[in-house]
Amino acid sequence: MATTLVGIFDNYAEAQKAVQALAQAGIKQGDISIARNEPAGKGYMTYGGAKSKDYTTGNSIGNNIANFFDGIFGTDINEDERGIYAESVRRGSTLVIVNANDQTVDRVADLLNQNGVVDIDRRAAQYRASGYKQYDSKAPLYSADQIQSEHQTFAKQGEVALPVIEEQLNIGKQVVQRGGVRVHTRVTTRPVEETVNLREENVTVNRRPVDRAVTEADVAAAQQSDFTVTEHAEKAVVGKEARVVEEVIVGKNVTERQETVRDTVRRSDVEVQQTDIDATTKPKARGAN
């Protein structure tokens, strides 16, 4: 049973690369067809290895494109899917159509995927997001500027940014109170005593008997009527004098030390693995009579 596979490529160079890979794999040239819209506004198609035909000539470019796909698929696909293929050519994409048999269909699908084929379902969704409803055979081909602008937009939409997040350890310093000394001054009272030597005078009067002749000194002393003898004594006088007997020095010693901080940080890694191509990613395959 013959199977027709269609791959959409955003540029002709990628499509050519896919065709070369198919040829190297043994796919006959007559089983490979190409439809494209050149940046110069010209559209060319080859089918079954025949010479390229300019489908921009004639009454309707859009009808020629539609007829081209009608000739390939006939009634094997619905109008909506056929319209997507025709619309992709109108917008500047290149289509590679391959007739394969049961022995080569998987290999053809793998080669188309490996060389940059576009996911037709995603591309259809992108068309509809830009306002596309159905293929309009009266719509003109895209210009070179339109083709470039749209392909750049699709390339950005196809990008998926996977952030790699890594935690970093930031070490700072914080001043914390770890203790201290509170200094408080107060006055206390305590009893003291000192010993002091004091001198004291006491008058004594003694009488003693004598027997001698009177002298002139005795006569002079007898003439004095009275006299006074004064006693003197020392007493303790207490005074206070404040003196500095000790100093309490309050200060701070500043030292530096090294501390090793150990913690864990997290990082998200993106692992990319090559997956085998299965039927869900292969280009659309249609049975052909």
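**Exercise 1. Determine which side chains meet Glu150 in a salt bridge, and which parts of the chain the pair ties together.**

Solution. Begin with the pair itself: in this predicted model, the side chains of Glu150 and Arg91 form a salt bridge with an N to O distance of 2.7 Å, where a salt bridge is a side-chain nitrogen of Lys or Arg within 4 Å of a carboxyl oxygen of Asp or Glu. Next, place the partners: Glu150 lies in helix α6 and Arg91 in the loop between α3 and β5, so the pair ties together parts that are 59 residues apart in sequence. Helices (H or I, at least four residues) and strands (E, at least two) are DSSP runs numbered from the N terminus.

Then consider burial, for which buried means under 20% relative accessible area, exposed over 50%, and partly exposed in between (1.4 Å probe, protein chains only). Glu150 counts as buried at 11%, and Arg91 counts as buried at 5%. Finally, list the surroundings: leaving aside residues up to four places away in sequence, Glu150 touches Arg91, Tyr127 and Tyr142, contact being heavy atoms within 4.5 Å.

Residues are numbered from 1 along each chain as its sequence is written. Because the model is predicted, local features need pLDDT of at least 70 and side-chain atom pairs count only at pLDDT 80 or more, whereas totals for chains, interfaces and linings use all residues, and side-chain values use heavy atoms, with hydrogens and water left out.

**Exercise 2. Work out which residues are linked with Arg91 and Glu150 in a network of salt bridges, and compare this network with the pair Glu241 and Arg243.**

Solution. The network links Glu87, Arg90, Arg91 and Glu150. Within it, Arg90 forms a salt bridge with Glu87, the closest N and O atoms being 2.8 Å apart. Both of these residues lie in helix α3 (residues 79-90), three residues apart, or about one turn of the helix. The spacing can be read against a general rule: an α-helix has 3.6 residues a turn, so residues three or four places apart point the same way. Arg90 is buried at 9% relative accessible area, and Glu87 is likewise buried, at 2%.

For the other pair, the side chains of Glu241 and Arg243 meet in a salt bridge of 3.4 Å, N to O, but here Glu241 and Arg243 are both exposed. The structure holds eight salt bridges.

**Exercise 3. Describe how β1 and β5 pair, and state how many of the residues of each strand are buried.**

Solution. Take the pairing as the starting point: β1 and β5 run in the antiparallel sense, over seven bridges, with two strands counted as paired if DSSP finds at least two bridges between them. Specific partners give the register, since Thr4 stands opposite Asn99 in β5, while Ile8 has Leu95 of β5 as its bridge partner.

Turning to burial, seven of the eight residues of β1 are buried, and the strand is mostly covered. Six of the seven residues of β5 (residues 94-100) are buried, so this strand is largely enclosed by the rest of the structure.

**Exercise 4. Identify the buried residues of helix α4 and what covers them.**

Solution. Helix α4 (residues 105-114) is mostly covered, with seven of its ten residues buried. These are Val105, Val108, Ala109, Asp110, Leu111, Leu112 and Asn113. Their cover includes β1, α1 and β5. Just after the helix, Gly116 takes a positive phi of about 95°.

**Exercise 5. Characterise the surroundings of Asp10, and state whether Asp10 is buried or exposed.**

Solution. Asp10 is found in the loop between β1 (2-9) and α1 (12-24). With a relative accessible area of 19%, Asp10 is buried. Its side chain is joined to that of Arg123 by a polar contact of 2.8 Å; a polar contact is a pair of N or O atoms within 3.5 Å, where within protein one must be able to donate a hydrogen and the other to accept it, and residues adjacent in sequence count only if both atoms are side-chain atoms. Not counting residues up to four places away in sequence, Asp10 touches Gly92, Ser93, Val118, Arg123 and His151.
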